[in-house]
Amino acid sequence: MTKRAAVFVSGSGTNLEALLKRQEAGDLEAQIVTVVSDRPDAFGLTRARDHGIPSHYVQAKGRDKKDYESEVLDILRRAKVELIILAGYMRFVGPTLLAAYPNAIINIHPAYLPEFPGAHGILDAWNAGVKETGVTVHYVDEGVDTGPVILQERVPVPESGGLEALEAAVHAKEYDLFWRAVNQAVHDQD
């Protein structure tokens, strides 16, 4: 059964774009019905509109987290959202959304968790000099990248090309892994 999903973005929305293409190809078992951003200039909002998906900017800066999340929750309820997908959303999810969507918020992280949690997974892996890193899609809980893993795969660090080559390799793995993890999350909820 298809689940109605919202995608949260803070930036360019490349993972959103990859999910929308999978949706349009009939591969995605979730239906993206709305996109939410905490930044008015997030290109992910433009990507959503280009695909005919309603998009919403909700100001978070300078507001109480509960007030911000309550406004977001109103949008989600009106759209009858059943699953939240964080795709480059650079805010911590607070108690209001966690309580409304238990085990129904998923996040993609550019590292093989529990290695390199936090906002700079690719750079942290690069600076650590590891031979491989990875991509993880996990459920969101109260911690920082600590929720149960849905899917994760390793990514070898390229021998040449530097940090830019590593970023490209990790992003390519994200685009392949994310939609499969979303489908797994849909099945987990059934």
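This tour visits an annotated site and then a pair of helices in a predicted model.

**Stop 1: the annotated site.** Select Gly13, Thr14 and Asn15. UniProt, in an unreviewed entry, gives these positions the feature "binding site". Keep the selection and turn to the largest pocket. Its lining takes in Gly13, Thr14 and Asn15 from this set.

**Stop 2: Thr14.** Select Thr14. This residue lies in helix α1, which covers residues 14–24. Is Thr14 buried or exposed? Thr14 is partly exposed, because its relative accessible area of 30% falls between the 20% limit for buried and the 50% limit for exposed. Now show its contacts. Leaving aside residues up to four places away in sequence, Thr14 touches Arg47 and Tyr175.

**Stop 3: Asn15.** Move to Asn15, also in helix α1. Its relative accessibility is 8%, so Asn15 counts as buried; the cut-off is under 20%. Which residues does Asn15 touch, not counting those up to four places away in sequence? Select Ala87, Ile108, Glu174, Tyr175 and Phe178. Tyr175 appears in the contacts of Thr14 and in those of Asn15.

**Stop 4: α5 against α6.** Select helix α5, residues 121–128, and helix α6, residues 162–189. Their axes come within 10 Å and cross at roughly 130°. α5 is therefore oblique to α6. The crossing of α5 past α6 is right-handed.

**Stop 5: the contacts between α5 and α6.** Show side chains here. On the α5 side, select Ile122, Leu123 and Trp126. In α6 they meet Gly162, Leu163, Leu166, Glu167, Val170 and His171.

Notes: Residues are numbered from 1 along each chain as its sequence is written. This is a predicted model: local features need pLDDT of at least 70, side-chain atom pairs count only at pLDDT 80 or more; totals for chains, interfaces and linings use all residues. Side-chain values use heavy atoms; hydrogens and water are left out. UniProt positions are given in the numbering used here, feature names are shortened, and annotations may be inferred rather than shown by experiment. On a 1 Å grid over the protein atoms alone, a cavity is a set of points where a 1.4 Å probe fits but cannot get out, and a pocket is an open set with protein on both sides within 12 Å along at least five of seven lines; lining residues have an atom within 4 Å of a point. Helices (H or I, at least four residues) and strands (E, at least two) are DSSP runs, numbered from the N terminus. Buried means under 20% relative accessible area, exposed over 50%, partly exposed in between (1.4 Å probe, protein chains only). Contact means heavy atoms within 4.5 Å. Axes are lines fitted to C-alpha atoms, for helices over the stretch in contact, and angles run from 0 to 180 degrees between N-to-C directions. Angles under 35 degrees count as roughly parallel, over 145 as roughly antiparallel, 65 to 115 as roughly perpendicular and the rest as oblique. A crossing is left-handed if the near helix is turned anticlockwise from the far one by less than a right angle, and right-handed if clockwise.
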